[in-house]
Every structure is written in structure tokens, then in C-alpha cells.
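Have the sequence and the 3D structure ready. Work each exercise yourself before reading its solution.

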Amino acid sequence: MLWPEGRPSFSENVELFTKPVFELESLVKRIVLESLGVDKYLDELKDSAGYNLRVMRYGKPLNVDTDELGLVPHFDKNFITILHQLQGDGLELETKDGEWIKIKPSPGSFIVLFGESFHAWTNGRLRPARHRVVMNGDQPRYSMGLFSDVREDFLVKAPEELVDEEHPLLFKPFKFKELISEIEKEASTKEASTRFKLCVSAFRNV
């Protein structure tokens, strides 16, 4: 058994990891809302928040001389993702020009990605990060990630302060569970490797 009975040190290390990452997530959210002048919604987002901690492993390629797709290009559906790379490279981000860049974080650093829900909530002010994992070499990749979500019944709705003539409403209000349903529907009708569009586009206000 890995955890908690079998490996108490694993439980302790996870706890040591999560506390500062939770604090970082809260700080990032506060900075974003304050910069947009909508920090009065901080408590609302905090009270509706849900979190998912994942420990991830990507196996080494079958052929060490070729690159292998470890995770297809995608957008996270949540609000904020915070990643910490433990071993091995492989994470790539797509630029606005459609080019892929390799991410090589310095030891002890964290990578912060904004998801589709935060993109919709900020009325497009934040750009969600399309990313993938490309494996190469003879080593597996290990990483940990904190995924900041909201309750399934939370209404993702842009604050009225972020909607004006210059910034018309981009997305109709939707519940988070509706976004999950849209993702599941899309996954059932398309190959995973072709799922490139924003899932929140189903709620675009047009």
C-alpha cells in the first residue's frame, strides 16, 4: 500500500508540498482580481473553490531516439493549475502564434497556468494556456499539480465590471458542471488528439 499506511513519509511530503502551493494559488488569484479591479469577488471564488492534487508520471518513450506524445494538446477546464516538475522535461506551451516552446523550469519553481473557466470568468482578459507533454530520452517524467476548480453548481459569470462597450460579454453564464458535460460530449465524438478548440466556445455569447 502506497499511502497513507504503507508510506507515511509520502503523506508528510504531500502535506509539505500542498501548503505553500495553496498559498501560491490564493496569491495568484488575489493579484489577478486586484489588477482587474474586481477583488470584491475574492471571497465568492474562495468559498466556491474546489481542489484536486495529482501526482503524475509519464513513461519514457519506447524508442529513446524519437519524441513521443505523452499528453495531447489541451486546455485545462479549471481556473488555475499550478505545476511542479520533479524529474524529467517534456512540458510544452503553445504561443499565440501557434508555435510550441519547451518549458525548462528552474529547480524549486512552479508553473502557473490559467484554465478555460478563468478565461470565461474574466471575460477573456486571461488567456488559457494550451499545453502538451512530449517525452524523449530514457527517463520518465514526474510532476505534481494542484488544480483549482469551483463547485459543479457554481455559475461561471463575468463580473459586470469587466463588461463594457470595449469588452462585450464573450460567454454566456454557465455552470461548471455544464462545461464538464461539454468536454465529455466532445471526447465521445472526436479523437483525443484532435480536441484543440476551447471547450468554453460552446457558451460563446454570439
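The exercises below cover confidence, the sheet, the cores and an annotated domain.

**Exercise 1. Find where this predicted model is most and least confident.**

Step 1. Start with the whole chain. Its mean pLDDT is 87. A value of 70 or more is reached by 91% of the residues.

Step 2. Go through the helices and strands. Strand S6 (residues 111-114) has the highest confidence, at 96. Helix H4 (residues 176-189) has the lowest, at a mean of 76.

Step 3. Check residues 192-196. Here the pLDDT is below 50. Beyond near neighbours in sequence, this stretch has nine contacts in the model.

**Exercise 2. Work out the strand order of the four-stranded sheet, and explain what is special about its edges.**

Step 1. Begin with S1 and S8. Ten bridges join them, and they run antiparallel. One facing pair is Tyr 58 and Arg 141, the latter in S8.

Step 2. Move on to S8 and S3. Seven bridges link these two strands, again in the antiparallel sense. Gln 87 stands opposite Tyr 142 in S8.

Step 3. Add S6. It is joined to S3 by four bridges and runs antiparallel to that strand. Leu 83 faces Ile 111 in S6.

Step 4. Read off the order: S1-S8-S3-S6, an open sheet.

Step 5. Look at the edges. S1 (49-58) and S6 each have a single partner strand, so one side of each has no neighbour in the sheet.

Step 6. Consider the twist. On average, neighbouring strands are turned by 20° against each other, direction ignored.

Step 7. Check how covered S3 is. Six of its eight residues are buried.

**Exercise 3. Describe the largest nonpolar core and say which element supplies its largest share.**

Step 1. Recall the general trend. In soluble globular proteins, nonpolar side chains tend to be buried together.

Step 2. Size up this core. It has 34 residues. Leu 33, Phe 79, Trp 121 and Phe 174 are among those with the most contacts inside it.

Step 3. Name the suppliers. H1 (8-36), H2 (42-48), S3 (80-87), H3 (116-121), S8 (141-150) and H4 each give at least two residues. H1 supplies the largest share, six residues.

Step 4. Zoom in on Phe 174. Its contacts include Ala 120, Phe 154, Leu 179 and Phe 203.

Step 5. Look for another core. One of eleven residues lies apart, with Met 56 and Ile 103 among them.

**Exercise 4. Describe the makeup of the annotated domain.**

Step 1. Locate it. An unreviewed UniProt entry annotates residues 45-152 as "domain: Fe2OG dioxygenase".

Step 2. Describe residues 45-152. They are 9% helix and 49% strand. The end C-alpha atoms are 13 Å apart.

Conventions:
Residues are numbered from 1 along each chain as its sequence is written. This is a predicted model: local features need pLDDT of at least 70, side-chain atom pairs count only at pLDDT 80 or more; totals for chains, interfaces and linings use all residues. Side-chain values use heavy atoms; hydrogens and water are left out. pLDDT is the predictor's confidence in each residue, from 0 to 100. Contact means heavy atoms within 4.5 Å. A nonpolar core is a set of buried Ala, Val, Leu, Ile, Met, Phe, Trp, Tyr and Cys residues joined through side-chain atoms within 4.5 Å. Buried means under 20% relative accessible area, exposed over 50%, partly exposed in between (1.4 Å probe, protein chains only). Two strands pair if DSSP finds at least two bridges between them. Axes are lines fitted to C-alpha atoms, for helices over the stretch in contact, and angles run from 0 to 180 degrees between N-to-C directions. UniProt positions are given in the numbering used here, feature names are shortened, and annotations may be inferred rather than shown by experiment. Lists of a residue's contacts leave out its neighbours within four places in sequence.
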